[in-house]
Amino acid sequence: MTRECAVLLPGVCAALADPRQPGLDDTCLEKLLDWFRSLTWFDPTAELVQDNPCLAELLTSVLALPDPSPSILSFTLQLAGILASSESRFQHLQQEKLLGRLFGWEGPRGSAAWEDASVRSAWLKGVHSMLHHLPALHCLCSTGGMDVIFTLQGDPSLFVASAASQLLVHMLTFSLESETSKALSTKDCDWPACAQMIVKHIKESLQSSSASHIEQSLKLLSSLFGSCFGSCYAAWTEVLWLDIAKQIESFLLEETVQAQPLLANLLLKVARSPVFCGTEGSFWALVTSALEHLTPVQAGPLAVGLLKLCKCPQDVRIQAMTVLLQPLDCILRAASQPLECAGLLDESVSDPATVESLLSSKTSCAGLLCQTLAHLEKLLSLKHLRVDLPCVSLLHSLMTILQFCNGFLSPTSPLGSTISRNLINCFRVQKSALDVLAALSEKKDCDTLIGSLFDVLLAYLQSPNTSPTVLKKTFQATSKWMVHLQELSSSRSQRQQTEKILEDVFVVLQKRLCSPCWEVRDSSLEFLTAMVKGLKDQKEFRQCLLSSEVLRLTENLLEDPESYVRASAVTAVGHLAPITCFAPESPVTGSQYNKESIVAKLQEILSTDSEGFPRRAVISIFTKWLREGCTGQLEDTEQFVSRVIQTVEHDLDWEVRLGGLELVEVFCSQTICQLSQCPYAPVSSAVTSSTPQKELLQVFCRAKLFGFLFGSLCDCDKPVGQRACDVLVGLRGHFYPMSTLENPQEIEDSPAGRGIAWLQRTLRQGSLAQNFPMDGDVGVDFQDPESMMLALGAIDLLELHDELNKSSDHVEESPQSLLQDILAAVGTIEDNEVDCY
């Protein structure tokens with residue numbers, strides 16, 4: 001603690017304990033606790049409480065208050081726990097008889113203040129902070145504190161109940177870590193004293209007739225096995241599991257037990273423990289029983305969790321996959337005539353009638369399918385799935401669900417008719433099915449259903465009943481499957497199929513680009529961009545594109561009244577440009593889609609559009625073009641970059657200005673590569689003054705880069721200044737590779753040097769100087785190569801870099817400032833003494 005803080009602390013403690021003072025903001029109290037945590041973390045000695053007796057006086061004063069406010073009492077409990085976190089400070093506070101009065105029965109536990117949930121929560125937090133040494137643990141166990149924690153497990157406040165559960169996990173783990181010194185057996189007496197109390201409480205609760213007690217213990221066990229206890233204390237984990245396994249098994253078989261939904265989570269946490277790595281043993285038999293007896297909704301999360309485990313036995317893994325696929329199998333069978341489709345599964349894990357019942361119910365059908373589809377999407381995203389998915393049957397089932405949802409399939413079976421009525425126009429299920437459909441495009445064995453699949457997708461794209469959100473998902477799935485279509489072997493029949501699909505897609509796209517709904521126009525443009533990214537090298541795609549009205553319609557949408565659509569149109573036009581007007585032999589040369597026309601339109605949007613989204617899209621596209629070499633030879637690129645940065649440097653949107661700096665960075669990198677002798681390495685000091693270096697500086701000055709970069713250092717939005725500084729530091733590293741920087745003292749006598757000195761002083765003012773002049777009136781010519789060479793070498797850019805990267809609250813949130821603010825809030829110091837923020 002600094003001397004300044006030590007001087008202020010007594011006044012703060014006195015103010016906190018004074019009931020006449022107005023209540024302090026909770027944020028200030030939390031920051032004060034954070035400060036004490038940092039003080040005690042590095043110093044376990046008792047000096048903090050010995051050298052600052054005002055801390056003990058604060059605890060005593062709050063205890064003496066007849067009716068302390070809940071916020072001050074909560075603060076005091078947490079502070080006491082933090083101070084008592086080391087054994088030496090704990091003993092000191094024990095001698096003062098403070099801890100018993102705070103955490104024992106004579107403290108808040110026995111007063112009206114205990115009715116406030118924040119006080120109960122603070123009591124638990126204080127105990128948790130204190131329990132980092134054995135004397136605190138023994139003290140709590142011997143003074144009835146354990147019973148309080150057990151009771152708070154069932155607190156009506158979820159925050160309090162959760163804190164109690166976390167505290168018990170910490171206590172059990174700490175007890176084993178600190179008190180275990182002998183070999184293990186399965187007898188209770190071999191648990192250390194504190195751990196034995198917790199284990200006994202768990203077992204008694206599991207055997208009680210109270211559903212809430214059972215639920216609390218199952219939640220506690222889940223937290224315990226999910227913590228470091230389950231992975232670091234393998235032997236104890238096995239002992240505990242053997243003690244409770246029979247009881248857990250009985251819950252699975254008792255369908256009336258309300259705690260069943262918690263069992264899946266508990267079993268999954270236990271399965272992740274290293275203890276159960278082997279394929280033998282009763283545990284996996286219990287998991288198998290759970291997959292059979294839990295309802296499909298309860299078993300789903302357990303099944304998908306097991307499939308993600310690398311050590312799960314193969315037979316259990318197959319069973320888990322069967323549980324997930326069972327609802328889709330039921331859908332497939334319900335939609336087909338007898339024996340027409342084999343379904344997904346050869347046999348079921350649980351009674352198929354249960355799944356049929358859920359799918360027949362309007363209230364549960366969509367929920368079960370959405371959960372199942374979400375789990376399957378997660379599995380399809382895994383790189384290594386240790387069980388084979390029946391992808392063809394799965395794809396068939398997804399297509400069936402989508403046809404049920406839009407009414408394009410009329411099943412003959414009674415179950416199929418019921419499911420179809422439940423799913424008609426169900427947007428939730430449509431979106432989930434389309435997500436899984438898109439994920440399946442990565443699989444290689446679904447090619448036989450390609451034609452039928454695109455029939456389903458095109459039906460959704462064409463239907464006026466498809467909602468905008470479902471249409472967006474359909475576009476995303478379609479673009480992924482079209483990329484997959486391109487990857488298939490190019491037989492004559494497949495090429496013809498691809499051409500037909502492309503023609504149908506472009507007919508739909510033209511219609512959707514003219515939709516009165518802006519969300520549909522926006523999704524259509526995003527779909528077009530995705531297709532260009534994935535199919536731009538495909539001959540059939542380019543032919544369909546250039547023979548359609550899509551190019552004209554897309555360019556028209558650059559003037560759409562909705563800013564999101566204009567931004568998407570900019571992005572689409574930007575990705576189309578390499579095909580339409582930047583190619584060496586553009587297929588549309590001489591038409592309205594020429595390079596000059598497109599660039600001029602985008603530059604107009606950049607300089608005149610009233611919304612930020614289209615302008616951000618333009619600067620992003622310009623940077624993309626520059627990276628890909630679409631802007632021509634160096635002279636053309638130089639003029640292009642110069643025009644762009646002169647536009648964006650005055651833009652009110654900081655993201656546009658940041659995009660301009662990214663453009664400059666790419667331009668600098670490319671120009672250095674083109675003009676330097678060694679493209680990818682800094683030049684040596686021997687060639688620092690060579691012609692390529694002078695030419696580089698001349699190019700950068702003609703493009704007016706330096707004025708933009710130095711001006712951006714003073715931008716009021718910090719990310720802009722940081723990026724500008726990064727670019728300048730990179731340039732200095734190129735022009736001064738061996739740290740041969742200029743001496744500011746030697747250059748200050750020259751006119752240019754005086755200007756550079758002014759620039760250094762101005763930059764140190766930061767954003768206060770954001771409108772500093774750049775016309776040379778102050779002696780800085782940002783377009784003079786020699787002056788800019790001096791500026792790069794003389795200005796301390798690394799110091800500026802450090803300043804820009806400092807947190808904005810590095811001064812205001814210092815402990816001294818915090819203490820001053822607290823004193824100011826209670827009116828004990830003058831306004832001019834405080835560093836308020």
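The following conversation concerns a predicted model of one protein chain.

Biologist: How many helices and strands does the chain have?

Modeller: The chain has 43 helices and zero strands. Please keep in mind that this is a predicted model.

Biologist: What share of the residues counts as buried?

Modeller: Of the 837 residues in the chain, 52% count as buried. The chain exposes about 37,900 Å², and carbon and sulfur atoms supply 51% of that area.

Biologist: What about contacts between residues that are far apart in sequence: what share do they have?

Modeller: Among the contacts with a separation of 6 or more, 71% are between residues 24 or more positions apart.

Biologist: Let us turn to the interior. How many residues are in the largest nonpolar core?

Modeller: The largest nonpolar core has 276 residues. Those with the most contacts inside it are Trp123, Met171, Trp241, Leu306, Phe700, Phe706 and Phe710. As a general point, nonpolar side chains tend to be buried together in soluble globular proteins.

Biologist: Which residues does Phe700 touch?

Modeller: Leaving out residues up to four places away in sequence, Phe700 touches Phe667, Cys668, Thr671, Ile672, Leu705, Phe706, Leu731 and Phe735.

Biologist: Now a single helix. How many residues does helix 26 have, and how far does it reach?

Modeller: Helix 26 covers residues 468–487 and has 20 residues. From its first C-alpha to its last, helix 26 reaches 29 Å, close to the 28 Å expected at 1.5 Å a residue.

Biologist: Which of the residues in helix 26 are buried?

Modeller: The buried residues of helix 26 are Val470, Leu471, Thr474, Phe475, Ala477, Thr478, Ser479, Trp481, Met482, His484 and Leu485. It helps to recall that an α-helix has 3.6 residues a turn, so residues three or four places apart point the same way.

Biologist: And what covers the buried residues of helix 26?

Modeller: The cover includes helix 22 (391–406), helix 24 (427–440), helix 25 (450–462), helix 27 (492–512) and helix 28 (518–535).

Biologist: Let us change topic to charges. What is the count of salt bridges?

Modeller: The count comes to 22 salt bridges. In general, side chains of opposite charge can pair when their charged atoms come close.

Biologist: How far apart are the N and O atoms in the salt bridge of Arg616 and Asp653?

Modeller: In the salt bridge between the side chains of Arg616 and Asp653, the distance is 2.9 Å from N to O. This pair links distant parts of the chain, 37 residues apart. Arg616 is in helix 33 (residues 612–627), whereas Asp653 is in the loop between helix 34 (634–648) and helix 35 (654–675).

Biologist: Are Arg616 and Asp653 buried or exposed?

Modeller: Arg616 is partly exposed, because its relative accessible area is 27%. Asp653 has a relative accessible area of 10%, so Asp653 is buried. There is also a network of salt bridges, which links Arg616, Asp653 and Glu655.

Biologist: With which residue does Arg657 form a salt bridge?

Modeller: Arg657 forms a salt bridge with Asp717, and their closest N and O atoms are 2.9 Å apart. Arg657 lies in helix 35 and Asp717 in the loop between helix 37 (705–712) and helix 38 (718–735), so the pair ties together parts that are 60 residues apart in sequence. Arg657 is buried, with a relative accessible area of 8%, whereas Asp717 is partly exposed at 25%.

Biologist: What about Glu4 and Arg3: how far apart are their closest N and O atoms?

Modeller: Glu4 and Arg3 form a salt bridge in which the closest N and O atoms are 3.8 Å apart. Glu4 counts as partly exposed at 35% relative accessibility, and Arg3 is exposed at 63%.

Biologist: Turning to the surface, which residues form a nonpolar patch there?

Modeller: Trp518, Tyr564 and Phe613 form a nonpolar patch on the surface, and together they have about 270 Å² of accessible area. Tyr564 is in helix 31 (residues 563–580). Tyr564 counts as partly exposed because its relative accessibility is 39%.

Biologist: One last residue: where is Cys370 found?

Modeller: Cys370 is found in helix 21 (residues 362–380). Cys370 is buried, with a relative accessible area of 12%. Leaving aside neighbours within four places in sequence, Cys370 is in contact with Arg428, Val429 and Ser432. Cys370 and Lys431 are 61 residues apart in sequence, with their C-alpha atoms 8.8 Å apart in space.

Conventions
Residues are numbered from 1 along each chain as its sequence is written. This is a predicted model: local features need pLDDT of at least 70, side-chain atom pairs count only at pLDDT 80 or more; totals for chains, interfaces and linings use all residues. Side-chain values use heavy atoms; hydrogens and water are left out. Patches are made of residues with over 30% relative accessible area and no salt bridge: like charges are joined within 9 Å, nonpolar side chains (Val, Leu, Ile, Met, Phe, Trp, Tyr) within 5 Å. Accessible areas come from the Shrake-Rupley method with a 1.4 Å probe; for residues, only the protein chains shown count as cover. A salt bridge is a side-chain nitrogen of Lys or Arg within 4 Å of a carboxyl oxygen of Asp or Glu. Helices (H or I, at least four residues) and strands (E, at least two) are DSSP runs, numbered from the N terminus. Buried means under 20% relative accessible area, exposed over 50%, partly exposed in between (1.4 Å probe, protein chains only). The expected span of a helix is 1.5 Å times one less than its number of residues. Contact means heavy atoms within 4.5 Å. A nonpolar core is a set of buried Ala, Val, Leu, Ile, Met, Phe, Trp, Tyr and Cys residues joined through side-chain atoms within 4.5 Å.
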